[in-house]
Amino acid sequence: MSNTMMPSDIRINRDVCISYAALCWQKKDVALRNVWLAKAAMPHFRKLLNIPKNVMFRIAGVRGRARGMYHAGDEIALIHANLKPEVALAIMAHELVHAEQYHRGDLKLVRDNYKWYDVWQGKRYTGGTKSYEEYREPPWEVEAFARQDILARQVSDMIDAEIAARTAK
């Protein structure tokens with residue numbers, strides 16, 4: 001359950017890969033639907049967000065209670081393979097807001113004395129989230145939660161319009 005691309009991952013295109021393990025699950029159809037959604041959504045997210053050109057989605061299992069995470073070093077947004085489409089799209093938006101925050105330079109991950117710290121706009125934050133409420137408190141999470149549903153709706157509308165235009169031909 002790594003948030004980096006693994007040798008056994010299957011690369012779908014430049015924007016999306018899926019873990020081999022996700023394809024072996026009983027809910028393989030759910031994972032494949034999220035691959036399709038990620039593939040359809042990424043070009044629209046790129047129009048709406050200032051994210052690095054190499055950012056990609058990895059559809060895979062996620063440890064613990066997390067449904068997604070962004071790894072700035074690898075520019076990979078890990079999205080849990082077993083999510084309903086509307087939830088998956090919101091998680092994709094949330095993680096790409098983090099990609100944008102790193103890209104803008106507002107959010108950094110800094111190592112000091114063998115410990116990692118989040119730095120937001122020059123202020124260092126210590127980790128160790130104890131609860132869901134504490135996880136939502138830092139300013140980068142406040143921004144990501146505030147924007148995720150709006151972005152997900154915009155991208156959903158863009159995908160719908162794209163499908164409608166194709167079927168009208």
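# Exercises on a Predicted Structure

In this predicted model, Leu-107 stands opposite Trp-120 in strand E7. The exercises below begin with this pair.

**Exercise 1.** Determine which strands E7 pairs with, and in which sense.

*Solution.*
Step 1. Strand E6 covers residues 107-112 and strand E7 covers residues 115-120; six bridges join them, and the two run antiparallel. Leu-107 and Trp-120 are one of the facing pairs.
Step 2. Strand E7 also pairs with strand E8 (residues 123-125), in the antiparallel sense and over three bridges. Here Trp-120 stands opposite Lys-123.
Step 3. Trp-120 thus has Leu-107 opposite it in one pairing and Lys-123 opposite it in the other.
Step 4. As background, strands of a sheet pair through backbone hydrogen bonds, either parallel or antiparallel.

**Exercise 2.** State which residue takes a positive phi in the hairpin of E6 and E7, and which does so in the hairpin of E7 and E8.

*Solution.*
Step 1. The hairpin of E6 and E7 has two residues between the strands, and Asn-113 takes a positive phi near 50° there.
Step 2. The hairpin of E7 and E8 likewise has two residues between its strands. In this hairpin, the residue with a positive phi near 50° is Gln-121.

**Exercise 3.** Describe the five-stranded open sheet and the helix that packs on it.

*Solution.*
Step 1. The strand order is E1-E2-E3-E5-E4, and the pairing is mixed.
Step 2. Strand E1 (10-13) and strand E4 (68-71) are the edge strands, since each pairs on one side only.
Step 3. On average, neighbouring strands of this sheet are turned by 20° against each other, direction ignored.
Step 4. Helix H2 (residues 28-48) packs on the sheet and touches E1, E2, E3 and strand E5 (76-80). The direction of H2 makes about 165° with that of E3.
Step 5. Within the sheet, strand E2 (residues 16-18) and strand E3 (residues 56-60) run parallel and are joined by three bridges. The bridge partner of Cys-17 in E3 is Arg-58.

**Exercise 4.** Decide whether Asp-15 is buried or exposed, and identify its contacts.

*Solution.*
Step 1. Asp-15 is located in the loop between E1 and E2.
Step 2. The relative accessibility of Asp-15 is 8%. Buried means under 20%, so Asp-15 counts as buried.
Step 3. Leaving aside residues up to four places away in sequence, Asp-15 touches Met-42, Pro-43, Arg-46, Val-55, Met-56 and Phe-57.
Step 4. With Arg-46 there is a polar contact between the two side chains, at 2.8 Å.

**Exercise 5.** Classify the arrangement of helices H2 and H5.

*Solution.*
Step 1. The axes of H2 and helix H5 (residues 139-168) come within 9 Å and cross at roughly 110°.
Step 2. Angles of 65 to 115 degrees count as roughly perpendicular; H2 and H5 are therefore roughly perpendicular to each other.
Step 3. The crossing of H2 past H5 is right-handed.
Step 4. Residues of H2 that meet H5 include Trp-36, Leu-37 and Phe-45. On the side of H5, the residues include Leu-151, Met-158 and Ile-163.

**Exercise 6.** Characterise the exposure and surroundings of Arg-153.

*Solution.*
Step 1. Arg-153 lies in helix H5.
Step 2. The relative accessible area of Arg-153 is 48%. Exposed means over 50% and buried means under 20%, so Arg-153 is partly exposed.
Step 3. The side chain of Arg-153 makes a polar contact with the side chain of Asp-157 (2.8 Å).
Step 4. Tyr-132 is 21 residues from Arg-153 in sequence and 24 Å from it in space, C-alpha to C-alpha.

Methods
Residues are numbered from 1 along each chain as its sequence is written. This is a predicted model: local features need pLDDT of at least 70, side-chain atom pairs count only at pLDDT 80 or more; totals for chains, interfaces and linings use all residues. Side-chain values use heavy atoms; hydrogens and water are left out. Two strands pair if DSSP finds at least two bridges between them. Helices (H or I, at least four residues) and strands (E, at least two) are DSSP runs, numbered from the N terminus. Axes are lines fitted to C-alpha atoms, for helices over the stretch in contact, and angles run from 0 to 180 degrees between N-to-C directions. Contact means heavy atoms within 4.5 Å. Buried means under 20% relative accessible area, exposed over 50%, partly exposed in between (1.4 Å probe, protein chains only). A polar contact is a pair of N or O atoms within 3.5 Å; within protein, one must be able to donate a hydrogen and the other to accept it, and residues adjacent in sequence count only if both atoms are side-chain atoms. Angles under 35 degrees count as roughly parallel, over 145 as roughly antiparallel, 65 to 115 as roughly perpendicular and the rest as oblique. A crossing is left-handed if the near helix is turned anticlockwise from the far one by less than a right angle, and right-handed if clockwise.
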